[in-house]
Amino acid sequence: MRQAVLLLAHGAPERIEDVEAYLSFVRGGRPMAPAIVEEVRHRYREIGGGSPLLARTREQAEALERALGVPVYFGMRNWHPFIQETMERMRDAGIERIVAMCLAPQYSRLSVGFYFRRTQEAKQATGMTAEIVWTKTFHDHPLLIDAFRQRLETVLPAGKVLFTAHSLPEKILENADPYDAEARRTAALVAAAARLDAWDFAYQSQGMTDDKWLGPAVESRLDEYAAAGVREVVLHPIGFVSDHVEILYDVDILFRGYARERGIELRRPPSLNASPLFIEALAAVARQKLEKP
């Protein structure tokens, strides 16, 4: 049986010129206020004119393929290569069984679950007959925790360590969604592995909508630290596995500037990207789903 792994990621534009089209996919074709479009363009200009997410995802896929010895593909939800484009390639390659993994450690029906729905839709649209095996979460896998710990220790010690994950609308909590518990569990495990005494958790990158988003927000934590006299903070995003705008702009520019205005030096560890320990973690998770030859 011809097996393969399919990595799923958000997708992001590599050029300023593509930002408006990208946002149209994010919004499902619904119009977006011109001021928001311009703000997003500004953020991409600030990080060099485009996102490195595609390049980092390709590196992860190539490294994972070498580790596993089976083909590894990747598809994006909101930009090229779209999941359906990748599914067409897998169909043409004769793939009969797919292990699908979202490059987000913590599961939410609103996020990871949506990627899986898009994958199922792409399977039907392309006439793909392969079996798809879903990998929902790996938020507490020991190798993932070790990979985050290894990155964190390169920037310690610090007065305070603040772990972060991407915020989601607070309404997810109404349906016993596991995301909040899983994000906080990842943070606690990394803190324990690094033997931290002083650490906190916050949500970042809230969406530009009127929804009430999960908190506390990073800014509120920084305000607390400033009032308490903390002058050195390490911010460690444990809900992200590669560089993209929510790291390179939200953390490196927005939060760092906010902290500086309050007399705080803020730094962060390198993202996981294609770190060997992270690739080992992905390989271990995939092997649990791959059939033995």
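Helices (H or I, at least four residues) and strands (E, at least two) are DSSP runs, numbered from the N terminus. By this rule the protein chain has eleven helices and eight strands. The model is predicted, so that local features need pLDDT of at least 70 and side-chain atom pairs count only at pLDDT 80 or more, while totals for chains, interfaces and linings use all residues. Residues are numbered from 1 along each chain as its sequence is written, and side-chain values use heavy atoms, leaving out hydrogens and water.

Begin with the whole protein chain. Its C-alpha trace spans about 60 × 45 × 40 Å along the principal axes. Of its 293 residues, 55% count as buried, meaning under 20% relative accessible area with a 1.4 Å probe, protein chains only.

Next, select the open sheet. Its four strands stand in the order 2-1-3-4, with parallel pairing; two strands pair if DSSP finds at least two bridges between them. Strand 2 (72-76) and strand 4 (131-135) are the edge strands, each pairing on one side only. Neighbouring strands are turned by 25 degrees against each other on average, direction ignored; axes are lines fitted to C-alpha atoms, for helices over the stretch in contact, and angles run from 0 to 180 degrees between N-to-C directions.

Now select strand 1 (residues 3-9), which pairs with strand 2 in the parallel sense over five bridges. Leucine 6 has tyrosine 73 in strand 2 as its bridge partner.

Finally, select helix 5 (residues 112-126). Helix 5 packs on the sheet and touches strand 1, strand 3 (97-102) and strand 4, where contact means heavy atoms within 4.5 Å. The direction of helix 5 makes about 175 degrees with that of strand 4.

Notes
Buried < 20%, exposed > 50% of the residue type's maximum accessible area, 1.4 Å probe, protein only.
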